[in-house]
Amino acid sequence: MKNALSWWPTLQFHLDAARITDESMTRFRREMTRIRPRLFEGYAGTLVEFADFLERRGLRVPEPAAVASTAAPLTAPVRTRLEAVFGTPVYDEYRASEFGWITGECAQQDGLHVFSDVHRVEVVDGEGFPAAPGELGDLVVTDLRNGVYPLIRYRTGDRGILRAEPCPCGRSLPMMEQPQGRTNDLLHLPDGTALAHHISVMFSDHPESVRLFQVHQHEDYSITVRVVEGEGLDARAHIESAVGELRERTRNEVPVRLDLVDSLPYTGGKTKYIISDVPRS
Ligand SMILES: [Zn+2]
């Protein structure tokens, strides 16, 4: 129903990521086959789920010109797999509900171009001063288009890194890394120290060993790392070694448990890759 109503004004149709079932995916695939969209955009976890569904049933969809993935790290093996299933390049992007599309990859598929003609993106330290390129800080965005409800130097709650080097593609739009998760989703030690561990890239030495992952810090500071194992050689050993590194970063002050799972729990449609239940003062 929602699809029928929104199709004419927006030329978009949706799969509700909060309630994905075989039935809803069957309907969605039928729509996709009929409408043949040029752009297919989704949360990384949802795209994987839809790709799994197509493979399981031996189905295909018409190839869009591009697939855009958002809301979770797009690891190399996930990208490769999605590209194989959808038969088209898969691009990483970063968006926020308050701003829409803020950055996106070009054909280089290496780093995000900031759409600086419509959004100004800054990375700042704890005091709000600009961080140097290459330094991790809080992402602050200014919307240059919204004349009705201007958002100026608005903290998105995500952490990011700007790049100094221009992209080899020749576009002059500035570059940034894929954001590293929300500031309020950082891991903490019982004494309040925030862990400067790059969770989003914790498996990047052997990305093929992991399909999806999620790090969950519980109220008592203990940490569960949920991993959907990939197909790479020695996947299990690589996963265990990455979790061991995280354990070292916590200085063994909190228990870190590895939980190998078949799929990740959803939170309001998004598969969050860091969840923190630690009470914040
Ligand atoms: Zn580029």
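These are my notebook entries on a zinc site, some aromatic rings and a set of paired strands in a predicted model.

**Ground rules.** I number residues from 1 along each chain as its sequence is written. The model is predicted, so local features need pLDDT of at least 70 and side-chain atom pairs count only at pLDDT 80 or more, while totals for chains, interfaces and linings use all residues; side-chain values use heavy atoms, with hydrogens and water left out.

**Zinc ion.** I looked up the donors, meaning N, O and S atoms within 2.8 Å of the metal (3.2 Å for Na, K and Ca); water is not among the atoms, so sites may look incomplete. The protein supplies Cys106 (SG), His113 (NE2), Cys167 (SG) and Cys169 (SG), at 2.1 to 2.3 Å from the zinc ion. Along the chain, I read their spacing as C-x6-H-x53-C-x1-C. The angles between the four donor atoms are 104 to 119°, so I enter the arrangement as tetrahedral. For four donors, that term requires all angles to lie between 85 and 135 degrees.

**Where the donors sit.** I take strands as DSSP runs of E, at least two residues long, numbered from the N terminus. Cysteine 106 is in the loop between strand S4 (100–104) and strand S5 (112–114), and cysteine 169 is in the loop between strand S9 (162–163) and strand S10 (175–176), so the pair ties together parts 63 residues apart in sequence. I then checked burial: buried is under 20% relative accessible area, exposed is over 50%, and partly exposed is in between (1.4 Å probe, protein chains only). Cysteine 106 is buried at 7%, whereas cysteine 169 is partly exposed at 28%.

**Histidine 113.** I find this donor in strand S5, buried at 3% relative accessibility. Its side chain reaches the backbone oxygen of leucine 173 at 3.1 Å. I also listed its contacts (heavy atoms within 4.5 Å). Leaving out residues up to four places away in sequence, histidine 113 touches, among others, Cys106, Cys167, Cys169, Leu173 and Pro174.

**Proline 168.** This residue is in the loop between S9 and S10 and is exposed, at 70% relative accessible area. I noted its C-alpha 9.7 Å from that of aspartate 110, with the two positions 58 residues apart in sequence numbering.

**Aromatic rings.** I pair rings of Phe, Tyr and Trp (its six-membered ring) if their centres lie within 6.5 Å; planes under 30 degrees apart are stacked, over 60 edge-to-face, and the rest tilted. The count is 10 aromatic pairs. Phenylalanine 99 and tyrosine 154 have ring centres 5.7 Å apart and planes at 70°, so I enter them as edge-to-face. Phenylalanine 99 is in the loop between strand S3 (90–96) and S4, and tyrosine 154 is in strand S8 (residues 154–160), 55 residues apart. Phenylalanine 99 is buried at 5%; tyrosine 154 is partly exposed at 27%. I also recorded one aromatic cluster formed by Phe13, Phe28, Phe40, Phe50, Phe53 and Phe86.

**Strands S6, S7 and S8.** I call two strands paired if DSSP finds at least two bridges between them. Strand S6 (residues 119–124) pairs with S7 in the antiparallel sense over six bridges. S7 (residues 137–143) is joined to S8 by four bridges, also antiparallel. Valine 141 in S7 is the bridge partner of valine 121, and tyrosine 154 in S8 is the bridge partner of valine 141. Aspartate 138 stands opposite arginine 159 in S8. Seven of the seven residues of S7 are buried, and five of the seven in S8.

Key:
Four donors count as tetrahedral if all angles lie between 85 and 135 degrees; four count as square planar and six as octahedral if opposite donors are over 155 degrees apart and all others between 65 and 115; anything else is irregular. A polar contact is a pair of N or O atoms within 3.5 Å; within protein, one must be able to donate a hydrogen and the other to accept it, and residues adjacent in sequence count only if both atoms are side-chain atoms.
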